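Me: Please take a close look at one part of this model, the aromatic rings and how they pair. Then work outward to whatever else deserves attention.

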Amino acid sequence: MKILVATEKPFARKAVEGIREIVAEAGYELAMLEKYTDKAQLLEAVADADGLIIRSDKVTPEVVDAAKNLKIVVRAGAGYDNVDLAACTARGIVVMNTPGQNSNAVAELAIGLMIFMARNKYTPGTGSELKGKRLGIHAYGNVGRLVGACGKALGMVVSAYDPFITDAAYFEAEGVRKVDSVEELYASSDYVSIHIPATPQTKGSIGYELLNRMPQGATVINTARKEVIDEAGLMKLLEEREDMKYATDIAADSQAELNEKFGKRVFGTPKKMGAETAEANINAGLAAARQAVGYLRDGVTKFQVNK
Ligand code: NAD
């Protein structure tokens, strides 16, 4: 069996060493394709792979078609919107993510962005504190929960909206107010931290109407996906509401225009930074290798996302 690690943006060295060990222990062959610059390189490398481990790399129908032996794709990370699930499912290829492995890194970045924006992007002038402010968590999954816990530790008053978690006790046990509509969440939060996955339903779902419900001086932090924001709506909002701020990992498509028009009120990381810590890299990389081996050797389908 051959497992290919294809990473345009490579894993940390320590993660690669760990992956190598896990694959060798299983008696499998490991192939590495790092920092590739052309899709053709991926198409060639994947041709005889049984397993494929990726990060933000795109698995398109063309890649699936080129990978004649492929049985499993593991996306080392949480979001799997870079994998064409329909194409994989049609070929019987199992797709997995590695939930929770990079959540802490993303949560810390979200809190960091809140402080950065509250302090005017660390430029001279009077900022504000997070303590006592209302924090709304939009999607209470692995990252959202950690952001909520950090917010509480900083003295913020935390609410959350997640229609897929119906048990109120789940929120109560963590001292978080459960909010029953997304409109209410935005209307009652000084900070909203976005953690919804990018799906056909959520893409472009956060726009002018929703954002304009936020109170005076509000800040939106998006460490989910840029695609969930309706950028035209965001632009209109920031034009009309000089009190509002927006920070995002990764930069919006219209970030240059946003920066030019709104200066200190907006920020976008030039590259996706959320999971870019050594710890997250190692956790997700090793989990991906274990999951790929677990499926190829033992048929374990835990964390399969295309069931
Ligand atoms: P997760 O699967 O643990 O949680 C996602 C949560 O979203 C779930 O609780 C689900 O019920 C909820 N949800 C789904 N659709 C919703 C909707 N329409 N409205 C409200 N809630 C909804 O995922 P996670 O690990 O918390 O990550 C969340 C997202 O963050 C990922 O999908 C990914 O896009 C993004 N992410 C970004 C980075 C980064 O580097 N910036 C890293 C990891 C994850």
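Reply: What follows starts with the rings and then moves on to other parts of the chain.

This is a predicted model. The count of aromatic pairs comes to 5. One of them joins Phe-116 and Tyr-122. Their ring centres lie 5.0 Å apart. The planes make an angle of 75°, and the pair is edge-to-face. A second pair joins Phe-116 and Phe-267. Here the centres are 4.9 Å apart. The planes stand at 80°, which is over 60, so this pair is edge-to-face. Phe-116, Tyr-122 and Phe-267 make up one aromatic cluster.

How is the cluster placed along the chain? Phe-116 belongs to helix H5, residues 103-118. Phe-267 belongs to strand S12, residues 266-268. These parts are 151 residues apart in sequence, so the pair ties them together.

How buried or exposed is each ring residue? Phe-116 has a relative accessible area of 15%, so it is buried. The cut-off for buried is under 20%. Phe-267 has 22% and is partly exposed. Tyr-122 has 56% and is exposed. The cut-off for exposed is over 50%.

A residue of the loop between H5 and S6 comes next. Lys-121 is found in that loop. Its phi is positive, about 55°, although Lys-121 is not a glycine. Lys-35 also has a positive phi, about 50°, and is not a glycine either. Lys-35 is placed in the loop between strand S2 (29-34) and helix H2 (39-45). Its relative accessibility is 61%, so Lys-35 is exposed.

Helix H2 itself holds Gln-41. Gln-41 is partly exposed, at 32% relative accessible area. Leaving aside neighbours within four places in sequence, Gln-41 is in contact with Leu-33 and Tyr-36. Gln-41 and Ala-6 are 35 residues apart along the chain. Their C-alpha atoms are separated by 9.7 Å.

One more ring has a charge over it. The charged end of Lys-236 sits over the ring of Tyr-208. The distance to the ring centre is 4.4 Å.

Now the packing of two helices. Two packed helices are described by the angle between their axes and the distance between the axes. Helix H10 covers residues 231-240, and helix H11 covers residues 255-262. Their angle is about 5°, and their axes are 11 Å apart. An angle under 35 degrees counts as roughly parallel, and H10 and H11 are therefore roughly parallel to each other. Which residues meet? From H10 come Leu-234, Met-235, Leu-238 and Glu-239. From H11 come Glu-257, Leu-258, Lys-261 and Phe-262. The residues of this contact divide into 5 nonpolar, no polar and 3 charged.

Three buried residues complete the tour. The contacts listed for them leave aside neighbours within four places in sequence.

Thr-219 is in strand S10, residues 219-222. Its relative accessibility is 2%, so Thr-219 counts as buried. Its contacts include Met-117 and Met-214. Thr-219 also touches Asp-190, Tyr-191 and Val-192, as well as Lys-245.

His-138 is in strand S6, residues 134-138. Its relative accessible area is 6%, so His-138 is buried. Among its contacts are Tyr-161, Val-182, Leu-185 and Tyr-186. The list also includes Val-192, Ser-193, Ile-194, His-195 and Ile-196. Ile-206 is in contact with His-138 too. Val-192 thus appears for Thr-219 and for His-138. His-138 and Tyr-186 are 48 residues apart in sequence. In space they are 8.7 Å apart, C-alpha to C-alpha.

Val-293 is in helix H12, residues 278-298. At 3% relative accessibility, Val-293 is buried. Its contacts include Ile-3, Ile-22 and Val-23. Ala-26, Tyr-28 and Asp-298 are also in contact with Val-293. Val-293 and Val-95 are 198 residues apart along the chain. Their C-alpha atoms are separated by 13 Å.

Back to the starting point: Phe-116 takes part in the pair with Tyr-122 and in the pair with Phe-267. Phe-116 is the buried residue at 15%, while Tyr-122 is exposed at 56%.

Technical notes. Residues numbered from 1 in each chain as written. Predicted model: local features only at pLDDT ≥ 70, side-chain atom pairs only at ≥ 80, totals over all residues. Heavy atoms only, no water. Axes fitted to C-alpha atoms, helices over the stretch in contact; angles between N-to-C directions. Helix = DSSP H or I, 4+ residues; strand = E, 2+ residues; numbered from the N terminus. Parallel < 35°, antiparallel > 145°, perpendicular 65-115°, else oblique. Contact = heavy atoms within 4.5 Å. Nonpolar A, V, L, I, M, F, W, Y, C, P; charged D, E, K, R; others polar. Phe/Tyr/Trp six-rings, centres within 6.5 Å; stacked < 30°, edge-to-face > 60°. Buried < 20%, exposed > 50% of the residue type's maximum accessible area, 1.4 Å probe, protein only. Lys NZ or Arg CZ within 6 Å of the ring centre and 35° of its normal.
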